[in-house]
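Please look over the sequence and the model below before reading on. The paragraphs after it explain how some of the side chains are arranged.

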Amino acid sequence: MRTVGFSLFEVLLALAILGIAIAALAQALVNSVVAVKSLESADILYSDIEFTLRQALLVTDREQFIDGGNVRLPDDTDAVWSAEIEDTRTLDLFKVRFQVALPRTEERPEFEDSFTFYLQRSGWMEAIDRASLLTEKKEAREAERFSFR
């Protein structure tokens, strides 16, 4: 006589495989939720850094720009920024090291870092430096023009 159905061992094996599959899917779901929260936090962080930089670039006075300041962010916290300016050999072009610090909130972690960029600002150069740089460039251009003859 032949019985139809599954043995207890086969049922337990199927349940074990199902349990492993459910655990793997649950872990994948947890990982994806963590990744989404991390991306949202990074997006908020970069938006706040960009907002701070844009507000800082509105400052036109060189000394005030170097001193830095605070920027009220949309989440009612204050970002603190400062800058170091280095003259370049190009007229009205400056190398800027920008430091920014953001406080920790529920949406973003605490952040403090600096980055470097070039900024063109007429009027930031000393009049003597500007005149000597213009003279130097003019002499170099004339020397180059006469060297082709």
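What follows treats aromatic pairs, then salt bridges, and lastly some surface residues.

The model is predicted, and every value given here is computed from it. A useful place to begin is with the aromatic rings, among which the count comes to seven pairs. In one of these, the ring centres of F94 and W124 lie 5.6 Å apart with their planes at 55°, so the pair is classed as tilted. Because F94 belongs to strand β3 (residues 93-102) while W124 sits in the loop between β4 (111-120) and α3, this pair ties together parts that are 30 residues apart in sequence. Both F94 and W124 are buried. The rings of F98 and F115 likewise form a tilted pair, because their centres are 5.5 Å apart and their planes stand at 50°. Here F98 comes from strand β3 and F115 from strand β4, so the contact ties together parts that are 17 residues apart in sequence. F98 counts as buried because its relative accessibility is 0%, whereas F115, at 30%, counts as partly exposed. Ring pairs link these four residues with F65, W81 and F117 into a cluster.

The charged side chains can be followed in a similar way. Side chains of opposite charge can pair when their charged atoms come close. Six salt bridges are found in the whole structure. The one between D48 and R108 has an N to O distance of 2.4 Å, and it links distant parts of the chain, with D48 in helix α1 (residues 8-57) and R108 in the loop between β3 and β4, 60 residues apart. D48 and R108 are both buried.

Another salt bridge, at 2.9 Å from N to O, joins E50 and R54, which both lie in helix α1, four residues apart, or about one turn of the helix. E50 counts as partly exposed because its relative accessibility is 40%, while R54, with a relative accessible area of 54%, is exposed. D78 and R72 also meet in a salt bridge, at 3.4 Å from N to O; D78 is partly exposed at 31% relative accessibility, and R72 is partly exposed at 49%. Salt bridges that share partners join D48, D75 and R108 into one network.

Turning to the surface, D61, E63, D67, E126 and D129 form a negative patch. Of these, D129 is found in helix α3 (residues 127-147) and counts as partly exposed because its relative accessibility is 34%. F146 is also placed in helix α3, and its relative accessibility of 47% makes it partly exposed.

Note on methods
Residues numbered from 1 in each chain as written. Predicted model: local features only at pLDDT ≥ 70, side-chain atom pairs only at ≥ 80, totals over all residues. Heavy atoms only, no water. Patch = residues over 30% accessible without salt bridge, like charges linked within 9 Å, V, L, I, M, F, W, Y side chains within 5 Å. Areas by Shrake-Rupley, 256 points an atom, 1.4 Å probe, with all protein chains shown as cover. Salt bridge = Lys/Arg side-chain N within 4 Å of Asp/Glu carboxyl O. Lys, Arg positive; Asp, Glu negative; His and termini not counted. Charge placed at Lys NZ, Arg CZ, Asp CG, Glu CD. Helix = DSSP H or I, 4+ residues; strand = E, 2+ residues; numbered from the N terminus. Buried < 20%, exposed > 50% of the residue type's maximum accessible area, 1.4 Å probe, protein only. Phe/Tyr/Trp six-rings, centres within 6.5 Å; stacked < 30°, edge-to-face > 60°.
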